[in-house]
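Reader: Could you zoom in on one spot for me, how a pair of helices packs, with the geometry and the residues? If you have room, throw in some context from the sheet and any empty space inside.

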Amino acid sequence: MPISPYAEPFYADATPTGADGQRIGVLLSHGFTGSPASMVPWGKHLAGLGYGVAVPRLPGHGTTWQELNKCRWADWYGEVQRAFDKLGANCDQVVVGGLSMGAGLVLQLAADRGRDVAGIVVVNPAVHTQRKDVLALPVLQHVVGSFPGIANDIKKPDVEEHGYTRTPLKAARSMMLGWKQVRADLPKVTSPLLMFRSAEDHVVDPSSGRIILASVSSRDLTERILEHSYHVATLDNDASVILEESADFVRRVTGT
């Protein structure tokens with residue numbers, strides 16, 4: 001299946017930083033029906049600071065929504081695990097970050113890998129929804145292939161996420177089943193956590209953020225409200241805030 005030129009993953013090698021010459025890696029995961037395009041500017045900023053960066057393309061993304069409908073939570077999580085292991089093999093410490101579903105994936109990773117995760121940065125994380133129509137997904141997924149898309153929830157004019165125009169229902173159902181495991185495992189998350197959350201988000205409601213803040217065991221916990229961005233805040237008006245404050249966070253939690 002041909003991959004969109006906007007969906008190419010991004011990787012950069014780490015260079016030694018700090019007085020002790022440590023190599024620091026950062027894994028960034030895009031969200032459901034999105035693509036690496038939503039994370040690459042962030043990744044390039046961190047790479048410019050000398051960090052090793054991995055922005056993988058999650059299976060089924062960057063091709064067609066029909067292809068995504070054949071993929072499941074285990075496929076996406078497996079790709080995130082592989083990217084994390086590759087970074088870990090070449091870096092002394094690894095910080096993880098994610099947007100929307102990508103945030104849920106890296107939270108699961110932090111729960112499973114414990115101290116191997118030096119820190120977590122999430123942007124408009126998705127681990128729950130209050131939408132009532134999803135209750136019909138177990139039936140609808142067998143009747144209807146897709147719903148209208150959720151991509152491009154961006155306040156800044158003329159910015160494109162390069163996501164799908166349709167939301168595949170079988171894949172969406174799998175994502176929400178994956179969320180159940182994430183929520184159950186949140187108390188296992190102990191790494192420092194920085195959460196960016198848009199005051200106005202038309203894709204993810206505030207319940208996810210509340211659940212995460214109330215459930216994780218992290219003692220180093222910060223929530224930052226973004227006043228000028230919608231869901232895809234990594235490409236929106238507050239992108240510079242995310243880039244700069246996440247870089248400060250990486251430096252602090254890795255001691256570099």
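Author: Contact here means heavy atoms within 4.5 Å, and helices are DSSP runs (H or I, at least four residues), just as strands are E runs of at least two, each numbered from the N terminus. You're looking at a predicted model, where local features need pLDDT of at least 70 and side-chain atom pairs count only at 80 or more, while totals for chains, interfaces and linings use all residues. Numbering starts from 1 along each chain as its sequence is written, and side-chain values use heavy atoms, with hydrogens and water left out.

The pair to zoom in on is helix H3 (residues 73–90) and helix H4 (residues 101–113). Their axes come within 10 Å and cross at roughly 60 degrees (lines fitted to C-alpha atoms over the stretch in contact, with angles from 0 to 180 degrees between N-to-C directions). The crossing is right-handed, that is, the near helix is turned clockwise from the far one by less than a right angle.

On the H3 side, Trp73, Trp76, Tyr77, Val80, Gln81, Phe84 and Asp85 do the touching. H4 answers with Met101, Gly104, Leu105, Gln108, Leu109, Asp112 and Arg113. Sorted by type, that contact has 8 nonpolar, 3 polar and 3 charged residues, with Gly counted as polar.

Met101 opens H4, and just before that helix, Leu99 and Ser100 help line the largest cavity (a set of points on a 1 Å grid where a 1.4 Å probe fits but cannot get out; lining residues have an atom within 4 Å of a point). Gly31, Phe32, Glu161 and His231 are also among the lining residues, and the lining splits into 6 nonpolar, 5 polar and 1 charged. The space inside is about 80 Å³.

Notes:
1 Å grid on protein atoms, 1.4 Å probe; cavity = no way out; pocket = protein on both sides within 12 Å on 5 of 7 lines; lining within 4 Å. Points joined across faces, edges and corners; volume = space filled by probe spheres on them.
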